[in-house]
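The following questions and answers examine how helices, strands and nonpolar residues are arranged in one protein model. Please consult the sequence and the structure as you read.

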Amino acid sequence: MKLTTGARSRLGGRLVRRLPKAVIFTASLVLSVPVALAALGSPAGASTASTARPAAGIAAAASNQDCPWLNQSLPISQRVHLLLSKMTLANEITMVEGQGTSQPYVFYMAAQPSLCIPALGLEDGPNGVGDGLTGVTQLPSGASLAATFDTSLARRYGGVIGQEEWGKGAAVNLGPTVNILRDPRWGRSFESFTEDPFLNAALAVSEIGGVQAQGEMSQVKHFAAYNQEINRNTQQDDVIASIRTLHEIYLPAFEQAVRQAKVASLMCSYSVINGDFACQNDALENQVLRGRWHFPGFVTSDYAALHDTQGAVDGTDMEQPFNQFFGQALQTAVANGSIPKAVVDTMVSRIATEMFRFGIFNHPPTGTTSATVTTPAHQAVAQQVAEDGTVLLKNDGGTLPLPAGHAGTVAVIGPAASAQPTPAGGGSAFVTAPFSATPLQGLRAAAGPGTTITYQQGLPADSSLPAIPASALSPAYAPTPFGGSYTGTLTAPETGTYVLALTNPCGCYTAANLSIDGKEILSVPSTPPVHTYSAAVQLQAGHSYQVQISGDTSAFTWATPSALAPGISQAVAAAKAAKTAVVVVSDDTETEAADRPGLSLPSAQDELISAVAAANPDTVVVIDAGAPVTMPWLAKVRAVVDAWYPGESNGTALADVLYGSTDPSGHLPETFPKDLSQVPASTPAQFPGTGGQVQYSEGIDVGYRWYDAKDITPLFPFGYGLSYTSFRFSGLHIAPPLAGQGQSGPQVRVTARVTNTGPVTGSEVAQLYLADPPAAGEPPRQLKGFQKITLRPGQTGVVSFTLDGHDLSYWSDPANGWVVPAGGFRVYLGDSSALADLPLRGGFTVTG
C-alpha cells in the first residue's frame with residue numbers, strides 16, 4: 001500500500017488504554033467477553049481501565065435510547081439491523097468511502113456523531129506501526145519472523161503491533177502481508193513470510209491472533225496473487241493462474257486467516273487475476289471468500305486499487321483512501337438503479353459487524369498519533385525475533401561463535417556496519433525506529449576483555465558519490481523531471497568495477513530506471529527511507545556504453561575503480577591485522593513499488609568481500625537483506641550469517657549471535673538460488689510478464705517444490721539453518737490412519753525423537769514433509785508440519801504432528817474442492833527440504 005504524503009494532524013494528550021470487548025462467534029451462540037491484554041507490557045502512562053473516553057465528535061451522553069445499537073446485551077446481528085434502519089444512503093456512503101490523504105491515518109472512515117458511529121483509523125503495520133509515525137517499535141521484517149519457525153513468537157509479534165496500533169488511535173492494523181514469495185526479485189519479499197503455503201498460513205494465524213487479542217482489528221493483505229511490483233495496479237499485471245494453483249499456493253494463508261484466526265478484514269490487492277482486478281473479482285471475493293469460506297468481515301481496497309463502482313457488487317466493501325468510485329459515483333449508481341441499494345446495505349453491515357464485534361462503537365480508540373507506544377517489553381520481543389530469526393548458513397571450522405573474551409582483534413568492515421546500516425526494508429512497511437543499534441555499536445558494546453574492535457568502511461556511501469564528469473558522459477547529465485528521460489553515452493576511463501548510482505527524489509512511489517546497453521540495472525521508486533540505489537558494473541577502458549534513464553531523477557553518480565581502491569585497500573589492511581574479519585553487507589534496494597533487477601548485492605560489496613577474504617581466511621559475512629542474494633564469494637569465506645532486516649536492535653541481536661550468547665536457530669523460509677536461471681519464474685513471460693499477462697505456468701511448483709520436481713540443487717534449500725550445536729533425529733513412529741470427525745478426514749499421528757548431540761543448548765526446527773500418492777499430481781514433497789524444540793546438551797525431546805484430511809488433500813475442482821487421494825503416502829522428517837536433510841522416512845496408506 002502506498003504511503004500517504006498528505007498532511008496529518010498530531011493530536012495531543014496522554015494515551016488511555018482500555019480493555020476492549022470482543023465478540024466470539026459460534027454456530028449458535030454469540031458471547032461478549034473481555035479480551036485480555038497479552039503479557040507484553042503497557043506503554044508508559046497507559047491505563048488498563050475499562051472506562052474510556054468516547055471518540056472525538058461523539059457525545060459522551062449518547063444513550064441506548066439515542067442509539068439503541070450501543071446496547072451490548074443485544075446480538076450483533078440485531079445491533080447491525082437497528083443501525084441500518086436509521087441510516088440514509090448518504091450515511092452509508094460515508095462508511096464505505098475514503099476521506100483522502102489529509103487524515104491522521106493512511107486510511108480513514110469518518111465519524112458520524114448523530115448515529116454514534118466513531119471514526120475508524122486504518123494504519124500501516126505488517127512490520128510495526130508505519131506511515132512515518134514515531135514512538136513505535138521497529139520490528140524485524142516478516143521474513144525474519146518467518147525464519148524463526150515459531151508460531152508462539154509470531155503471536156507475541158502480533159501482540160506488539162496490536163497494542164501499538166491501538167495506542168496510536170488506529171482500530172485496524174493493515175497487516176500482516178501474507179503473499180507467497182514466488183520470486184526473490186519481488187521488492188516486498190521482506191515484509192511477507194515465505195514461499196511455502198503451510199508455513200505462511202501458520203504464521204498468519206498466529207500473528208493475527210496476537211493483533212486481535214489486543215482488541216485491534218487485523219486486515220490481512222494482499223488478496224490475492226500479488227507477487228511483483230512491476231506494472232502493479234494496471235491491466236499489464238494480469239496473473240494467469242489455474243484455480244488449483246491459487247487454492248494450493250496463493251490462497252491458503254487467507255483461508256486460514258478467515259477460518260482459524262477469524263480475521264476482521266482483508267485488503268484486496270493491486271493484481272489483475274485471470275482478467276479481473278482483485279478488487280473487482282467476483283470469483284475471488286464472492287465465490288471463494290464469501291461463498292466457500294463464509295467470511296463475515298469486510299474487504300478494503302489497497303491504495304487506489306479500486307477501478308470501478310462495480311467493485312461494490314463484486315465484493316469490495318470500502319474504497320481507500322479516496323472516494324472516486326464509492327463516493328458520489330456509488331450514490332448515483334444506487335439512485336439510478338444500476339446497483340441495488342441492498343448491495344450498499346451489505347457493505348455497511350459487514351463493516352459494522354466487525355466494529356461491533358471488536359467493541360469499537362462502545363469503546364473506540366483513545367490514543368493519538370503523537371503518543372509514544374513503544375515499551376521495553378515490546379523492544380525485547382523485537383530483539384528476540386531478530387536473534388531467533390538469524391540463520392547461520394556456513395560455519396567452517398567452528399569459526400563462530402567468536403570467543404566472548406580474548407578474541408583478539410576483530411576487524412568490522414563495510415558501510416552496512418555503521419555508515420549505511422540497513423535495519424529495515426522500504427515503502428509502506430517501513431517503520432521509523434526510536435533508536436537503532438548498528439552492527440559496529442553492538443559488537444563493540446558486547447566485546448569482552450582481550451577483544452579489540454576496529455572498523456573500516458571499505459566503500460563509499462551511495463549518497464556520497466560524485467557526479468559523472470562530462471569527460472565520461474555525453475551529453476552531460478541533467479536532472480530529469482517526473483516522467484522525464486535521459487539518453488547518453490558513458491565512456492569508461494579505466495577497466496574494472498564501477499559503482500553507478502541513481503537518485504529519485506520524488507517520494508512518489510514511482511520508479512526511475514537506469515539501463516546500460518539496454519539492460520536494466522537499477523529501479524529506484526523513491527520510497528522511504530532510501531532514495532539513492534547503486535549497482536556494480538564491469539566496464540572496459542575506452543569502451544562506450546549506452547545509458548538510458550527514465551523517471552524522476554536528481555543525480556546520476558559513480559565511483560571508478562581507482563576511486564574505490566583506497567577504501568578497499570584500507571579494509572584489506574585492517575583484515576590482515578585482525579584475527580577475524582566481519583564484513584557486514586546489505587541490500588537497501590528492497591522496497592514497495594519496484595522489483596530488484598537481479599540478486600546481486602548493491603555497490604561493490606561482492607568485490608569488498610572477495611578482497612577481505614583473500615587477506616584473511618577467517619572472514620565472516622553478515623547479510624542484512626530481506627530476500628536471497630547471490631554469493632559469488634561463498635567458497636572463500638569461513639562463515640555466513642543471514643540476519644535479514646533485523647529492525648531497531650540490529651547490532652545488539654547480531655552481537656548476541658556472533659559471540660554465542662544466543663545459539664542461531666533460524667531456518668530459511670525461502671529457497672536461495674545460485675542465480676536467476678534456477679528460479680521457477682525464470683522466463684520473461686513468467687516474470688514480469690509479456691503482452692499484458694504474467695504466466696504462472698510453474699503452477700504449484702513454487703519455491704522448493706520446483707527445485708525438488710526439477711532435481712535442481714539451490715545455493716541453500718528451504719528450511720535450512722545451522723547451529724552452534726548438533727542434533728540427531730530418531731524413533732520415527734507413524735500411527736495407522738484413524739477415521740476423522742465430520743469433515744476433518746483421516747487423522748495420522750507422527751512422532752519422533754530429537755537429541756542435542758552437541759556442546760551447547762540450542763533449538764532445532766523439526767520439519768515434516770509429505771509425499772502424496774502419484775495420482776494426486778502433487779510436488780515430490782510438501783511441508784505439512786514443523787515444531788521448534790529447545791534442548792540442553794545430551795537432552796532428548798519428542799516432537800509430534802497430527803496430519804488431518806486437509807493436510808492429505810489436493811485441490812480437485814470447484815465442484816469437488818479438496819480431495820484426499822487413496823494410496824500410499826510417504827513421510828519425511830528432518831531439518832530442511834533437501835532430501836539429504838530428511839533422515840527419518842516412513843509411510844502410511846489411505847484406502848477408500
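Two strands are taken to pair if DSSP finds at least two bridges between them. The model discussed here is predicted.

Q: Which residue is the bridge partner of Leu266 in strand 11?
A: Strand 8 covers residues 265-268, and four bridges join strand 8 to strand 11. The two strands run parallel. Within this pairing, the bridge partner of Leu266 is Val299.

Q: Which strands stand at the edges of the sheet with the order 3-4-5-6-8-11?
A: This open sheet is formed by six strands with mixed pairing. An edge strand has a single partner strand, so one side of it is left without a neighbour in the sheet. The strands in that position are strand 3 and strand 11 (298-301).

Q: By how many degrees are neighbouring strands of this six-strand sheet turned against each other on average?
A: The order of the strands is 3-4-5-6-8-11. With direction ignored, the average turn between neighbours in this sheet is 25 degrees.

Q: At what angle does helix 7 run to strand 6?
A: Helix 7 (residues 252-259) lies across strand 6 (217-223) and strand 8. Relative to strand 6, helix 7 runs at about 160 degrees.

Q: Is helix 2 roughly parallel, roughly perpendicular or oblique to helix 11?
A: Helix 2 (residues 89-96) packs against helix 11 (residues 341-357) with the axes 10 Å apart and at an angle of about 55 degrees. Angles under 35 degrees count as roughly parallel, and those from 65 to 115 as roughly perpendicular. The angle of this pair therefore makes helix 2 oblique to helix 11.

Q: Is the crossing of helix 2 and helix 11 left-handed or right-handed?
A: At this crossing, Leu89, Glu92, Met95 and Val96 of helix 2 meet residues of helix 11 that include Val344, Met347, Val348, Ile351 and Met355. Helix 2 passes helix 11 in a crossing that is left-handed.

Q: How many residues of helix 2 are buried?
A: Buried means under 20% relative accessible area. Residues of helix 2 that meet this criterion include Leu89, Ile93, Met95 and Val96. The buried residues pack against helix 1 (76-85), strand 3 (107-109), helix 10 (328-335) and helix 11. Helix 2 is largely enclosed by the rest of the structure, because the buried residues number seven of the eight.

Q: How many residues does the largest nonpolar core contain?
A: Nonpolar side chains tend to be buried together in soluble globular proteins. Among the members of the largest core that touch the most other members are Trp69, Leu120, Met217 and Phe223. Leu120, for example, touches Phe107, Met109, Val172, Met217 and Ile360, among others. Another core, of 42 residues, lies apart and includes Ala147 and Ile609, while the largest core has 117 residues.

Q: Which residue in strand 20 stands opposite Gly496?
A: Strand 17 (residues 496-503) and strand 20 (residues 532-539) run antiparallel and are joined by eight bridges. Strand 20 is mostly covered, with six of its eight residues buried. The residue opposite Gly496 is Leu539.

Q: Which residue of strand 31 stands opposite Thr751?
A: An open sheet of three strands has antiparallel pairing and the order 27-28-31. Strand 27 (727-734) and strand 31 (796-803) each have a single partner strand, so one side of each lacks a neighbour in the sheet. Strand 28 (residues 748-756) pairs with strand 31 over eight bridges. Opposite Thr751 stands Ser800.

Note on methods. Residues are numbered from 1 along each chain as its sequence is written. This is a predicted model: local features need pLDDT of at least 70, side-chain atom pairs count only at pLDDT 80 or more; totals for chains, interfaces and linings use all residues. Side-chain values use heavy atoms; hydrogens and water are left out. A nonpolar core is a set of buried Ala, Val, Leu, Ile, Met, Phe, Trp, Tyr and Cys residues joined through side-chain atoms within 4.5 Å. Buried means under 20% relative accessible area, exposed over 50%, partly exposed in between (1.4 Å probe, protein chains only). Contact means heavy atoms within 4.5 Å. Axes are lines fitted to C-alpha atoms, for helices over the stretch in contact, and angles run from 0 to 180 degrees between N-to-C directions. Angles under 35 degrees count as roughly parallel, over 145 as roughly antiparallel, 65 to 115 as roughly perpendicular and the rest as oblique. A crossing is left-handed if the near helix is turned anticlockwise from the far one by less than a right angle, and right-handed if clockwise. Lists of a residue's contacts leave out its neighbours within four places in sequence.
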